[in-house]
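Student: I have this one open in the viewer and would like to go through it with you. Can we take the strands, then the empty spaces, then any odd backbone angles?

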Amino acid sequence: MAKPESKKIFFENLSGAGKAIAVLTSGGDAQGMNAAVRAVVRMGLYVGAKVYFIHEGYQGMVDGGENIVEASWESVSSMLQVGGTVIGSARCKEFRSHEGRLKAALNLVKQGITNLCVIGGDGSLTGANLFKEEWSGLLAELVEQGSIEADAVSKYSALHIVGMVGSIDNDFCGTDMTIGTDSALHRIIEVVDAIMTTAQSHQRTFVLEVMGRHCGYLALVSALACGADWVLIPEMPPEDGWEDKMCRKLSATRSRGTRLNIIIVAEGAIDRHGTPITSGIVKDLVVKRLGFDTRVTILGHVQRGGTPSAFDRVLASRMGVEAVLALLETTANTPACVVSLCGNQLVRLPLMECVQMTQEVQRAMDGKRFEEAVKLRGRSFENNLKTYKLLAHRKPESELPTSNFNVAVLNVGAPAAGMNAAVRSAVRVGISEGHKMFAVSDGFEGFYKGQIREVKWADVGGWTGQGGSLLGTKRTLPAKHVDKIAEQMREHKINALLIVGGFEAFESLLQLCEARATHEEFCIPMCMLPATISNNVPGTDLTIGADTALNAIVETCDRIKQSASGTKRRVFIIETMGGYCGYLASVGGLAAGADAAYIFEEPFDIKDLQANVEHLTQKMKTGIQRGLVLRNENCNENYTTDFIYQLYSEEGRGVFDSRKNVLGHMQQGGAPSPFDRNFGTKISAKAMQWVTKKLLETFRHGRVFANTEDSCCLLGMRRRALVFQPVVDLKGETDFVHRIPKEQWWLKLRPLMKILAKYKTSYDVSDSGQLEHVVRDRPKESDASVAM
């Protein structure tokens, strides 16, 4: 599809005047729904439309009255961090009947509402589509009954529907992630991490049951994120005789010295004959066959609760704004659409195409066509399953290919959560591919000192959930030590390099690439995985570790804002890390509901600071108690955090007081988020498969010789695609002085933060306005949904 010309929507010429938009949440609740509601309300009001809440989902639409209430800007304040849905959700049998939909139509016409934003699962969205199709007939019926005037039929002739999928199960085809899934994974992983400590103490086996009656996504991804020994999901039931295989696997794990086993069971898990496999059955099996001390934990509705993750807040906010844009651009002939996530890009897809694909999955499962069901779930789900099998189930030595290649893996730069998951994945995939894997301690400093050791399958067990860098990492670049590094590579017969790190890793790879001219030892396949909390590496939209840092920032901002509840009006100035890259400040600001975020990429002056103070002053006078301002650590050498704090304190005197907080290295620590664990795991597996391919391609006359540019690559996520890019090609895209890419996709998100904070601004929608179609089989390189 040709990329549309860049167009910018301005506050003055984007008009929703005369339009009425209603937002409702339906079906099961999901964390992040409130962020979506907030975005719809504020974007709707921003463009001049009237916006209404429909409380209690379709039940509220049928009952009408006080359930349909006009929303104001202030009515959605302080709801971004709240889980569930504050406008309520209810399953409604009455809406399934014609009479119920007739009542709902009357209630909407009374308020002049012809634009509906529905946040729910496939059932809720299917109901909305049926309502749209029946709309003209329902109005004619209401005229016949005398409930509405005849001119209302022409005035409200078309009902426009835009959907967003709110479901913790991630069971809707057409989108890589649904609102709530990431938060549910957070709850599961928090429990698994806590259970692992007690399981190790007592040498126990734990069977965890997670939600997913018809979809095994949560079970599969949490198993991948915690390195579970076994997982049972409805889409891919185990082969007959699975009981013996599982018990052998658990015994083998224990025999290698591991003190615990984790088994994850989706609540809808079945065997090949459709017989349910419950957590109780699995526990009894382990106790009877192996005699292991075994416990069951059923997570239940814990998975639905708690505050939404940073990912869900940003996703829901982006989707909410996109939904309003879609409603403004609809015509009478536009089909109902759903706002979906493809890689890192929002797309609009016909609602019923997605629903039909989702129903096909269930039909395939009912017909015991399980391979087809996995494929219909999408390439992301399929890749999750393949990666899990690759990492969790070790092949016997006799079945492994013998490549006789030695591959070294090392971390370079500052530590980032998810690095260990990437190293574990690389080691295990490398061993599965028949390579000898070597771990280098302390980056290139350890390399030239000879801190290199062979690493086996069991050596990286339990690494997935560990924060920091277990290999050790240093910022040392290789240029000054190429002779010694080349000597070590000769000594250990290293045939390929995998580097996991940030901007220093990128610079290192460039230096090694240049060193090929003088040292043949570097004429080997070399690949880099971007891992840094700053998200400042060229060639990728996201880096390993950035999501964990964002969650740390957002969690702290929530606590800081809560500290002011019940006190006088207060503004918090919070400093984030990131070097010269404003990603953490900008996206953290969007996720935390900040009023402003100062960054290096968007220069500002004293007039801008003054305008922000005045804006906050006006906001405080409307009754809002708290303000939040984020500042990137290197945004301006003169407008420091102290300066901004003192300016706000002086200029806000009598209206609000100010507090400052420097978050520091807490952003770099902690256990990796589910997103970072899976991102690290999956791109590392993909990188190792690329390394194997390159090794086979470049092996000639008894040795590896690779000196082409495409044999020294960075694996990055670009919009919808995972791309191996020669590092020399990325030099032109890089600002080496400030250590940032020259173009950064997330700068397009900054206007969202400003709009949702009630600033007048321009908003680039060059990626919006395209209704696409559900694609059954995307080409392999377009699976950018590796993160999840």
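Student: How many bridges join strand S19 to S21, and which way do they run?

Tutor: Bearing in mind that this is a predicted model, seven bridges join strand S19, residues 570-576, to S21, and the two strands run parallel. One pair to look at is Thr576, whose bridge partner in S21 is Asn632.

Student: What about strand S20 and S21, how many bridges there?

Tutor: Strand S20, residues 596-598, is joined to S21 by three bridges, and these strands run parallel. Ala596 has Val629 as its bridge partner in S21.

Student: And is S21 itself enclosed or open?

Tutor: Strand S21 covers residues 626-632, and six of its seven residues are buried, so the strand is largely enclosed by the rest of the structure.

Student: Okay, other sheets. In what order do the strands of the open four-stranded sheet come?

Tutor: The order is S8-S9-S7-S10, with parallel pairing. Strand S8 (230-232) and strand S10 (294-298) are the edge strands, and each has a single partner strand, so one side of each is left without a neighbour in the sheet. On average, and ignoring direction, neighbouring strands of this sheet are turned by 15° against each other.

Student: Which helix packs on that sheet?

Tutor: That is helix H6, residues 181-202, which touches S7, S9 and S10, and whose direction makes about 165° with that of S7.

Student: Back to the S8 edge, what holds it to S9 in terms of bridges?

Tutor: S8 and strand S9, residues 261-266, run parallel and are joined by three bridges. As an example you can pick out on screen, Trp230 has Ile263 as its bridge partner in S9.

Student: Now S11 and S12: parallel or antiparallel?

Tutor: Strand S11, residues 337-342, pairs with S12 in the antiparallel sense over six bridges, and the partner of Val339 in S12 is Arg348. The two strands form a hairpin with two residues between them, where Gly343 takes a positive phi near 65°.

Student: Where do the side chains of S12 go?

Tutor: In a regular strand the side chains alternate between the two faces of the sheet. In S12, Gln345, Val347 and Leu349 point one way while Leu346, Arg348 and Pro350 point the other way, and all of them are buried. That fits with the strand as a whole, since S12 (residues 345-350) is mostly covered, with six of its six residues buried.

Student: Switching to empty space, what volume does the largest pocket have, and which residues lie nearest its centre?

Tutor: The volume of the largest pocket is about 1000 Å³. Its lining is made up of 41 residues, and Gly28, Arg91, Asp122, Gly123 and Asp171 are the ones that lie nearest the centre.

Student: Which elements supply that lining, and what classes of residue are in it?

Tutor: Helix H4 (122-145), strand S7 (205-210) and helix H11 (351-366) each supply at least two residues of the lining, and the largest share, five residues, comes from H4. By class, the lining of this pocket divides into 12 nonpolar, 17 polar and 12 charged residues.

Student: How many cavities of 30 Å³ or more are there?

Tutor: The structure holds two cavities of that volume or more, and the second largest cavity has about 40 Å³ of space.

Student: What lines the second largest cavity?

Tutor: Among the residues lining it are Ala223, Leu224, Tyr388, Leu391 and Arg424. Helix H7 (217-226) and helix H13 (379-392) each supply at least two residues of this lining, and H13 gives the most, with four residues. The classes here are six nonpolar, two polar and one charged.

Student: Last topic, backbone angles. What phi does His701 have, and where is it?

Tutor: His701 has a positive phi of about 55° although it is not a glycine, and its place is in the loop between strand S23 (699-700) and strand S24 (703-704). The relative accessibility of His701 is 84%, so it counts as exposed.

Student: And Arg739, what is its phi and where does it sit?

Tutor: Arg739 also has a positive phi, of about 55°, although it is not a glycine, and this arginine is found in the loop between strand S27 (734-735) and strand S28 (740-741). With a relative accessible area of 27%, Arg739 is partly exposed.

Technical notes: Residues numbered from 1 in each chain as written. Predicted model: local features only at pLDDT ≥ 70, side-chain atom pairs only at ≥ 80, totals over all residues. Heavy atoms only, no water. 1 Å grid on protein atoms, 1.4 Å probe; cavity = no way out; pocket = protein on both sides within 12 Å on 5 of 7 lines; lining within 4 Å. Points joined across faces, edges and corners; volume = space filled by probe spheres on them. Nonpolar A, V, L, I, M, F, W, Y, C, P; charged D, E, K, R; others polar. Pairing = 2+ DSSP bridges. Axes fitted to C-alpha atoms, helices over the stretch in contact; angles between N-to-C directions. Contact = heavy atoms within 4.5 Å. Buried < 20%, exposed > 50% of the residue type's maximum accessible area, 1.4 Å probe, protein only.
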